[in-house]
Amino acid sequence: MDWANQPDPFRRYAGSARVALPISRPDATSLHNEASPNYADLYRARAIGSAPINVDSLARFFENAFAITAWKQAGDVRWALRANPSSGNLHPTEGYLLVGDVPGLLPLPGLYHYTAKEHALELRAQWSKESFAALLREFPPHAFLLGFASVNWRETWKYGERAFRYCQHDVGHALGSACFAAQTLGWHMLLLDGTADDTVAALLGVDRTEDFTGAEREHPDCLAVVWPVDQEAISGAETISLPLCLEPDAVPDAPRHIWHGKANRLSQNKPVCWEILDQVEVAAWKPSTERTVVQSNHHSPASDAASDQASVRAPGMHSRARSANQVIRQRRSALAFDGETSISADCFFTTLARVLPRVERELCERPIPWNVLPWVPAVHLALFVHRVDGLAPGIYLLARDPAKLPALRAAMHRPFDWTTPPGCPADLPLFLLEEGDARQMATDVSCHQEIAADGAFSLGMIAEFEATLQHHGAWFYRRLFWETGVIGQVLYLEAEANGVRATGIGCFFDDPVHQVLGLKDATFQSIYHFTTGRPVEDPRLTTLPPYELDH
Ligand SMILES: Cc1cc2nc3c(=O)[nH]c(=O)nc-3n(C[C@H](O)[C@H](O)[C@H](O)COP(=O)(O)O)c2cc1C
């Protein structure tokens, strides 16, 4: 690792107009002068009224999605932590906003780059009102676009060949983070997953080599549409149809807009070339656009009843009475666990229920954040349970899509138990595979990291691999990692809401995981690890506030 060449984690576009976003105080109430929403309300349909789209609500959105949440200091060294986590804290993911004429921003629709260091938006391109309206014609009123692109070099600098995968994990976390931030404002989000990568690149301007001269390039990731749910124009309808891509006739306009700013250089020297990573990028590029349509539920009265039931069922409510903003902004990765503290079975079961993308019968759609990802879920959890009250330590499996249970059973070791743990809710597809002390095993498969053994539980995310890629194409490889990142984001927030802490584990050994489970071919593939427990703080670190409040 070449320390002198470490890339700057903050991208800026020199020469572009910058709009500083207001910063809320930690105890700020919501934009409607109501109390800040409860964390548990994030999961209840219609519990949070939609905030209008203006500079204050967008500022709040970015604050909860991608902003700096604290600075840490050890000796003379200082580093920023953000609402979204990142492998190695290198933050390859850049966020973009394509929004209409919004009070407080510049007076035309425009594409902006979000810069976390200043909590500001930099204008990249001006759009005419007509072309912006045409682009989003098929979406609800006041919809805007979020764009994601990755400076892969930030991860390659440290992790070499592993970097591409880590960037994809980070995109998934950023998607999850944005979805929860949107939900705090009563906004919904949908990944425009039918969009070709060429289109994403053109709309975000990351294909404009003239703006990246001497600067590290950005790989286009994806676009998502965000909209306030309870807009009058669509009230009364129970479901709305949304396309998974933009109006094709409006897209070619993008390169003709007036562009502003030049990307800054992040490393002192040119990026080191990794041929294999270039090959992977090409292989995983999404070549075409598909015009698939999804149905989105627009909260009928029946959905209220359903969500109320869900909130009554949810155990551990005392810890969930925390404000959503607080849970989101205090999210941190644990550096170490105490190796002692257990969590309640209730808390464990509720956490696992949150990662289930099942369609709720009364709602007719998936709960957040699973309504963001429009594909059939393809990732399951192999859990190493160490300290959960009332549960035997051992290896467990959570089938996130119970329809895949027969395939999972067929692929794994024959002698596994497949019994339902005591107290497990009937609708939670959780199974004990093998009882026993799994601490050493968990450490070994997670690159010998003790955080995999010292917490309450750790896990490997097992993707339906070969068939999924054959079905969709190689470009879907990135989506599998995005799905794991969203799962990770749910686990991070659940841990905070339950008074414990989590950590993503990108460093693990897949072959030993496969051996433990009996997986022999590429039908299933372990692609991300995670751990949760009682954290031990490092007293050498000082925590500083994210921004000066007179910003
Ligand atoms: C995809 C991913 C992989 C990670 N892998 C590891 C890991 O293997 N070991 C570890 O201790 N932390 C790991 N982390 C935690 C990061 O180091 C952490 O997110 C980063 O330092 C920022 O800190 P924060 O999460 O407190 O904001 C990972 C995080 C992500 C998102």
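This is a short dialogue on reading a predicted model.

Trainee: What do I need to know about the numbering and the kind of model?

Mentor: Residues count from 1 along each chain as its sequence is written, and side-chain values use heavy atoms, with hydrogens and water left out. The model is predicted: local features need pLDDT of at least 70, side-chain atom pairs count only at pLDDT 80 or more, and totals for chains, interfaces and linings use all residues.

Trainee: What is the mean pLDDT of the protein?

Mentor: pLDDT is the predictor's confidence in each residue, from 0 to 100. Here the mean is 91, and 91% of the residues reach 70 or more. Over residues 30–34 the value is below 50, and over residues 300–318 it is below 50 too. Where pLDDT is low, the predicted coordinates should not be read in detail.

Trainee: Which strands sit at the edges of the open sheet?

Mentor: Strands of a sheet pair through backbone hydrogen bonds, either parallel or antiparallel. Strands (E, at least two residues) and helices (H or I, at least four) are DSSP runs, numbered from the N terminus, and two strands pair if DSSP finds at least two bridges between them. In this model six strands line up as β17-β16-β15-β18-β20-β19, with antiparallel pairing. The edges are β17 (430–435) and β19 (501–505), each pairing on one side only. Inside the sheet, β15 (379–385) and β16 (394–398) share five bridges, and V385 stands opposite G394.

Trainee: Which strands does helix α14 touch?

Mentor: Contact means heavy atoms within 4.5 Å. Helix α14 (476–497) packs on the sheet, touching β15, β18, β19 and β20.

Trainee: Which residues have the most contacts inside the largest nonpolar core?

Mentor: A nonpolar core is a set of buried Ala, Val, Leu, Ile, Met, Phe, Trp, Tyr and Cys residues joined through side-chain atoms within 4.5 Å. Buried means under 20% relative accessible area, exposed over 50%, partly exposed in between (1.4 Å probe, protein chains only). The largest core has 103 residues, and F348 and L383 have the most contacts inside it. Its largest share, 12 residues, comes from α14. Among the residues L383 touches are F348, L352, I395 and F457. Another core, of 35 residues, lies apart and includes F132 and L242.

Trainee: Is helix α3 mostly covered or mostly uncovered?

Mentor: Helix α3 (152–159) is mostly covered, with seven of its eight residues buried. W153 and W157 are among the buried ones. The elements covering them include β5, β8, α4, β10 and α6. Just after α3, G160 has a positive phi of about 55 degrees.

How values were computed: Axes are lines fitted to C-alpha atoms, for helices over the stretch in contact, and angles run from 0 to 180 degrees between N-to-C directions. Lists of a residue's contacts leave out its neighbours within four places in sequence.
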